[in-house]
Amino acid sequence: MSDDIFKKIISHAKEYGFIFPSSEIYDGLSAVYDYGQYGSELKNNIRKYWWKSMVQMHSNIVGIDAAIFMHPTTWKASGHVDAFNDPLIDNKDSKKRYRADVLIEDYAEKQFEKAEKEIEKAKKRFGDTFDEALFRSTNPRVLEYRQKGEDATAKMAALLDANDLDGLKKHIEDLEIVCPISGSRNWTDVRQFNLMFDTKIGSVSEGAETIYLRPETAQGIFVNFMNVYKTGRMKIPFGIAQTGKAFRNEIVARQFIFRMREFEQMEMQFFVRPGDEMKWYESWREERMKWHLAMGIPAEKYRWHKHEKLAHYANAAADIEFDFPFGFKELEGIHSRTDFDLTAHQTHSGKKLQYFDPETNESYVPYVVETSIGLDRTFLAVFSHAFEEQTLEDGSVRTVLKIPPFLAPIKVAVLPLVKKDGIPEVANKILDDLREDYMVQYDEKDAIGRRYRRQDAIGTPFCITIDYETLENNTVTIRHRDSMEQRRIPAAELSAYIASELKPKKT
Ligand code: GAP
């Protein structure tokens, strides 16, 4: 997808009330966005879908809602005070700032793309006789490009592990990475920058204390481990889920709602017996991918990315990447977090954070498998995949959001064909009946075709038209957004019909 399409998606989101720049009347605030009347509905629906599949559908997972502010020692224990840093580098000519690791990962990605291009070229050249697997494993150019990409990220991981910032700068220079804006290799030194926002709690005269806006929701779950385990009489394996805001002072904030300074996460920590974590890690990887696919978005839009450099708390980690308009990028992380967090909180708080296992008669600090997904990124995945400009048979263009129907902000629009002869009254009666169960909208302005276009543009899956025939036999036409097909059904069957069409696939 091109830059042009991405620009269209961003302006469509604004024009149709999905997403606005924050405090726009003051020219906005970088990397902060507000969700409008349709955006907040779509966001709520995605959140509800996640909550239902994680909490409602699992008898051993419960949900909580922890505070954003937490005791400052939380972040010392979790490692965020010391290690939640981005390695930054500036280009002296363009004055642009970059994450050093992202520059290297982009370089590696380019090498992998070059290898794929070689394969594509060969495919065209050899036609049906082409043996792709053989070519992949033996062609010297393909192997060289792939090796270059892998070496670049492996060396980066080692340098980051050793916190060798001078080495990281030299690595960027050796790879001859240029600034995408200035095209020069005139780089500053690399330095670490902590991403947490801090603020003060209490009045200054009483001795205010520095606290942080949480950079992830997960820690609210860890500090409540004993509370939930005891009050919920939970038995291992069990999970605690929550959704909520997180804050990061992202330096390279770009790509619309992909990387924001204030965003929302949907996280679940699954507590397991030590030694069982890899089994659960694999099981959650599978389950989370099914969740994505059940939205009806094709499988080729997703791929796995195994982490080269593991976070300070993980012994295995993989991301589900999505094919955003700007390429494949991280959408969700599945991490095996060991007993790192609970042990650290146990040490820093002096409180026992252990589970007594009645099956083995021993107490231990459970291991944790985490699933962590950005709500805003899921929104962007759904929204960008849904956006389509179609040229119709009559040559006109319709813009349609093919949002999975069960997530659509407005489910049904009720449209009286004319504004007279009692038709609006019948339409309003049908509207009120449907309102009990669905987000509905009434529209009687303009020709019916224009009204359909307005609903297509906000992704409404069903338009109900009330006409003279409705007065005679109480039937209505129902138009499907994606096929634009219309069929006539009795008004009394509407609610049941819509309900059957709105179910997501079972995961
Ligand atoms: N508790 C683990 C954790 O926070 P993460 O990979 O840093 O892991 C998890 O974040 C998810 O949160 C990401 O996969 C992404 O979807 C979302 N996310 C992270 N930073 C974000 C940002 N600045 N803007 C929007 N979403 C973000």
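**Figure 1. Helices and strands of the predicted chain.** The chain of this predicted model contains 17 helices and 23 strands. Its C-alpha trace spans about 80 × 65 × 55 Å along the principal axes. Of the 507 residues in the chain, 50% are buried. The accessible surface amounts to about 24900 Å², and carbon and sulfur atoms account for 50% of that surface. When contacts between residues at least 6 apart in sequence are considered, 65% of them link residues at least 24 apart.

**Figure 2. The shell of residues around the ligand.** The ligand is surrounded by 21 residues, among which Glu 216, Arg 248, Met 260, Glu 267 and Glu 330 come nearest. Sorted by class, this shell comprises 10 charged, 6 nonpolar and 5 polar residues.

**Figure 3. Strands that contribute to the shell.** At least two shell residues are supplied by each of strand 10 (262–272), strand 13 (327–338) and strand 16 (367–374). Strand 13 provides the largest share of the shell, with 6 residues.

**Figure 4. Polar side-chain atoms beside nitrogen atoms of the ligand.** In the side chain of Glu 267, an N or O atom is 2.5 Å from a nitrogen atom of the ligand. For Glu 216, a polar side-chain atom lies 2.6 Å from a ligand nitrogen atom. Arg 337 likewise places a polar side-chain atom 3.3 Å from a nitrogen atom of the ligand. On its own, the ligand has 550 Å² of accessible area, and the protein covers 93% of this area.

Methods. Residues numbered from 1 in each chain as written. Predicted model: local features only at pLDDT ≥ 70, side-chain atom pairs only at ≥ 80, totals over all residues. Heavy atoms only, no water. Near = heavy atom within 4 Å. Polar contact = N/O pair within 3.5 Å; in protein donor to acceptor, adjacent residues only side chain to side chain. Areas by Shrake-Rupley, 256 points an atom, 1.4 Å probe, with all protein chains shown as cover. Helix = DSSP H or I, 4+ residues; strand = E, 2+ residues; numbered from the N terminus. Nonpolar A, V, L, I, M, F, W, Y, C, P; charged D, E, K, R; others polar. Buried < 20%, exposed > 50% of the residue type's maximum accessible area, 1.4 Å probe, protein only. Contact = heavy atoms within 4.5 Å.
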